[in-house]
Amino acid sequence: MKDFRSVGAAQRFLSAFSGIPPHFRPHCHLMTAPDHRAEMTIRFAIWDQITGDAGQPTTA
């Protein structure tokens, strides 16, 4: 509950972001390496569409 004022605030935050990590963690132990790379390419393309990040230069 670090930095949250209440249990409810923590729960709302966690429930809003709970769908993001599984999107980037396919069951890779059930896939071949080429299949995993192809799946991740598709998933990152979907993420770019959703977030509007497509075509933006990356900064490091």
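**Burial and surface**

I looked up burial to begin with, and of the 60 residues of the protein I found that 7% count as buried. I keep in mind that this is a predicted model, and I read each entry below with that in view. For the surface as a whole, I noted that the protein exposes about 5,300 Å², with carbon and sulfur atoms supplying 60% of that area.

**Secondary structure**

I then went through the elements, and I recorded three helices and zero strands, which run α-α-α from the N terminus on. Helix α1 covers residues 7-17, and helix α3 covers residues 33-51.

I checked the length of α3 against expectation: at 1.5 Å a residue, its 19 residues should span 27 Å, and the end C-alpha atoms are indeed 27 Å apart, so the two values agree. Just after α3, I noted that G52 takes a positive phi of about 75 degrees.

**The salt bridge within α3**

I searched for salt bridges and found that the structure holds one. The partners are E39 and R43, and their closest N and O atoms are 2.8 Å apart. I asked myself how far apart E39 and R43 are in helix α3. They are four residues apart, and therefore separated by about one helical turn.

I next compared the burial classes of the two partners, taking each in turn. E39 is partly exposed, with a relative accessible area of 25%, whereas R43 has 18% and counts as buried because that value is under 20%.

**Neighbours of R43 and F44**

I listed the contacts of R43, leaving aside residues up to four places away in sequence, and found that R43 touches P22, H23, F24, R25 and P26. R43 itself lies in helix α3, so I enter these contacts beside the salt bridge that E39 forms with R43.

I also looked at F44, which is found in helix α3. Is F44 buried or partly exposed? With a relative accessible area of 42%, F44 is partly exposed. I noted, too, that the C-alpha atoms of F44 and F24 are separated by 8.0 Å, although these residues are 20 places apart along the chain. F24 thus appears twice in my notes, since it is also one of the residues that R43 touches.

**F13 and its surroundings**

I turned to the nonpolar surface, where F13, L14 and F17 form a patch with about 310 Å² of accessible area together. Of these residues, I looked up L14 by element, and it is found in helix α1.

I then counted aromatic pairs, and the count comes to one. The pair consists of F4 and F13, whose ring centres are 5.6 Å apart and whose planes stand at 45 degrees, so the pair is tilted. On accessibility, I recorded that F4 counts as partly exposed at 29%, and that F13 is partly exposed as well, with a relative accessible area of 41%. F13 therefore enters my notes both as a member of the nonpolar patch and as a partner of F4 in the tilted pair.

Notes. Residues are numbered from 1 along each chain as its sequence is written. This is a predicted model: local features need pLDDT of at least 70, side-chain atom pairs count only at pLDDT 80 or more; totals for chains, interfaces and linings use all residues. Side-chain values use heavy atoms; hydrogens and water are left out. Helices (H or I, at least four residues) and strands (E, at least two) are DSSP runs, numbered from the N terminus. Buried means under 20% relative accessible area, exposed over 50%, partly exposed in between (1.4 Å probe, protein chains only). Contact means heavy atoms within 4.5 Å. Accessible areas come from the Shrake-Rupley method with a 1.4 Å probe; for residues, only the protein chains shown count as cover. A salt bridge is a side-chain nitrogen of Lys or Arg within 4 Å of a carboxyl oxygen of Asp or Glu. Patches are made of residues with over 30% relative accessible area and no salt bridge: like charges are joined within 9 Å, nonpolar side chains (Val, Leu, Ile, Met, Phe, Trp, Tyr) within 5 Å. Rings of Phe, Tyr and Trp (its six-membered ring) pair if their centres lie within 6.5 Å; planes under 30 degrees apart count as stacked, over 60 as edge-to-face and the rest as tilted. The expected span of a helix is 1.5 Å times one less than its number of residues.
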